Amino acid sequence: MQVTEIYKSLQGESTHAGLPCVFVRLTGCNLRCSWCDSEYTFQGGHKMDTEAVRLEVMRLSPNGGLVEITGGEPLLQERELLPLMRQLLEAGYRVLLETSGERPLERVPAGVIKIVDVKCPDSGEGYTFHLENLETLNPHDEIKFVLSGRADYEFARDFSNRHGLAERVNAVLFSPAFRKQATGTRDSSHCLLDPQELAEWMLADAVPARLGLQLHKFIWDPAVKGV
Ligand code: SF4
């Protein structure tokens with residue numbers, strides 16, 4: 001597999017936020033979201049076989065716990081990724097998979113918790129989510145929308161309602177996008193959409209979703225990688 005980094009930190013943006021988690025960040029992405037904070041994953045990285053990845057996860061978190069496979073787009077390496085996720089589940093880890101839902105999700109093991117980041121129009125990659133993937137969702141999965149403004153919010157609200165997402169998954173997350181070059185202060189001034197404004201829209205529309213903030217960007221400098 002082509003791997004950008006493996007590290008331990010706190011999970012930052014799901015219902016698991018705040019829990020210790022080993023991140024396996026795979027190299028390569030087929031999308032180019034306007035606010036992407038992971039462009040360093042597009043190229044480079046180093047080759048590791050799945051056994052070496054599994055051993056590194058076990059070294060960082062020997063007693064089980066949370067492992068998140070992220071990227072880039074992890075499913076671009078599906079051939080190696082599927083056995084790795086099965087091995088981690090068998091070893092007792094809770095496995096999260098962060099994906100855009102642009103690739104088929106049907107072969108992802110049922111025990112894996114999918115966090116599907118449905119792209120909104122202002123990302124520049126709107127409408128890349130494959131609707132067939134809705135049928136692969138399990139009650140423990142989560143759907144995330146990263147929002148830059150009102151148009152994104154309305155897309156997420158309407159998409160959620162049209163497809164009854166709140167009934168299909170554990171959580172629907174609406175999360176303000178962060179400015180790409182954000183650095184220095186660790187506060188919401190770096191959000192492209194003011195969380196207060198988003199909260200007010202969600203309350204006004206009674207949206208069955210959870211407002212999420214990228215927790216790690218309020219703990220560490222938003223420019224720091226590997227946290
Ligand atoms: S899918 Fe993720 S890694 Fe790829 S461009 Fe979008 S935000 Fe960046």
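**From the core to the ligand and the loops**

In this predicted model, the largest nonpolar core is made up of 46 residues, and those with the most contacts inside it are Val 53, Ile 69, Met 85, Phe 145, Leu 147 and Phe 174. Helix α2, which covers residues 78–90, provides the largest share of this core, namely five residues. To see how one member is placed, the reader can look at Val 53, which touches Met 1, Val 3, Ile 6, Val 24, Met 48 and Leu 84 when residues up to four places away in sequence are not counted. Apart from this core lies another, of seven residues, including Leu 66, Leu 96, Ile 113 and Ile 115.

The ligand sits in the largest cavity, where it is surrounded by Cys 29, Leu 31, Arg 32, Cys 33, Trp 35, Cys 36, Phe 42, Gly 72 and Lys 119. By class, this shell has six nonpolar residues, one polar residue and two charged ones. Gly 72, one of the residues around the ligand, lies in the loop between β4 (65–70) and α2, and the peptide bond that leads to Gly 72 from Gly 71 is cis, with omega near 10°.

Most peptide bonds are trans, and most residues other than glycine have a negative phi. Two residues elsewhere in the chain have a positive phi without being glycine. Tyr 127, with phi near 65°, is found in the loop between β6 (113–117) and β7 (142–147), and it counts as exposed because its relative accessibility is 65%, where exposed means over 50%. Ala 206, with a phi of about 50°, belongs to the loop between α5 (195–205) and β9 (210–211), and Ala 206 is likewise exposed, at a relative accessible area of 61%.

Key. Residues are numbered from 1 along each chain as its sequence is written. This is a predicted model: local features need pLDDT of at least 70, side-chain atom pairs count only at pLDDT 80 or more; totals for chains, interfaces and linings use all residues. Side-chain values use heavy atoms; hydrogens and water are left out. A residue is near a molecule or strand if one of its heavy atoms lies within 4 Å of it. On a 1 Å grid over the protein atoms alone, a cavity is a set of points where a 1.4 Å probe fits but cannot get out, and a pocket is an open set with protein on both sides within 12 Å along at least five of seven lines; lining residues have an atom within 4 Å of a point. A molecule sits in a cavity or pocket if more than half of its atoms lie within 2 Å of its grid points. Ala, Val, Leu, Ile, Met, Phe, Trp, Tyr, Cys and Pro count as nonpolar, Asp, Glu, Lys and Arg as charged, and the others, Gly among them, as polar. A nonpolar core is a set of buried Ala, Val, Leu, Ile, Met, Phe, Trp, Tyr and Cys residues joined through side-chain atoms within 4.5 Å. Buried means under 20% relative accessible area, exposed over 50%, partly exposed in between (1.4 Å probe, protein chains only). Helices (H or I, at least four residues) and strands (E, at least two) are DSSP runs, numbered from the N terminus. Contact means heavy atoms within 4.5 Å.
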